[in-house]
Amino acid sequence: QVQVVESGGGSVESGGSLRLSCATSGWIYSSHMMSWFRQPPGKEREGIAAIFSDGSTTYADSVKGRFTISQDNTKNIAYLEMNSLKPDDTAMYYCAVRAGYTSNWGRAPRINDVVFWGQGTQVTVSS
């Protein structure tokens, strides 16, 4: 069974940086799409970044230019480097994965695009 575990969340001041990690295990697929979502308090979960089977990436407009998704294919780990953090970035951050070869859709990921979810890691940005 595929497991997804996030780490790296925490509290940071506005303008600061954090790097989130997403470790996966139990894979039987040779390729997949990995993504990050976030859910601010009292709001809906939104997709913010995805990295596809060919290594290409997409981002939501809200994080474009500040966040960078990357992955270590040999270890099935994805990262989300977050810079210039703002209080509006405060949320629970989730890693989610879609199995199988996935081509770049040219848009931010959506909840229905993914199957396997982690439990989330909290990011709090103070002003």
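**View A. The cluster of Phe37, Tyr94 and Trp117.** In this predicted model, ring pairs join Phe37, Tyr94 and Trp117 into a cluster. A search of the whole structure returns 3 aromatic pairs. Within the cluster, Tyr94 and Trp117 form an edge-to-face pair, with 6.4 Å centre to centre and 80 degrees between the planes. Because Tyr94 belongs to strand 9 and Trp117 to strand 10, this pair ties together parts that are 23 residues apart in sequence. Tyr94 is buried, at a relative accessible area of 12%, whereas Trp117 is partly exposed, at 26%.

**View B. Arg45 over the rings of Tyr94 and Trp117.** Arg45 lies over the face of Tyr94, 3.7 Å from the ring centre, and over the face of Trp117 as well, there at 4.9 Å from the ring centre.

**View C. The aromatic pair of Phe52 and Trp105.** Among the 3 aromatic pairs found in the whole structure, Phe52 and Trp105 form one that is edge-to-face, with 5.1 Å centre to centre and 85 degrees between the planes. Phe52 sits in the loop between strand 5 (46-51) and strand 6 (57-59), and Trp105 in the loop between strand 9 (91-99) and strand 10 (116-117), so the pair ties together parts that are 53 residues apart in sequence. Phe52 is buried, its relative accessible area being 0%, while Trp105, with 29% relative accessibility, counts as partly exposed.

**View D. Strand 1 and its partner, strand 3.** Strand 1 (residues 3-7) turns Val4 and Glu6 to its covered face, and Gln3, Val5 and Ser7 to its uncovered one. It runs antiparallel to strand 3 (residues 18-25), to which 5 bridges join it, and Ser7 stands opposite Ser21 of strand 3.

How values were computed
Residues numbered from 1 in each chain as written. Predicted model: local features only at pLDDT ≥ 70, side-chain atom pairs only at ≥ 80, totals over all residues. Heavy atoms only, no water. Buried < 20%, exposed > 50% of the residue type's maximum accessible area, 1.4 Å probe, protein only. Helix = DSSP H or I, 4+ residues; strand = E, 2+ residues; numbered from the N terminus. Pairing = 2+ DSSP bridges. Phe/Tyr/Trp six-rings, centres within 6.5 Å; stacked < 30°, edge-to-face > 60°. Lys NZ or Arg CZ within 6 Å of the ring centre and 35° of its normal.
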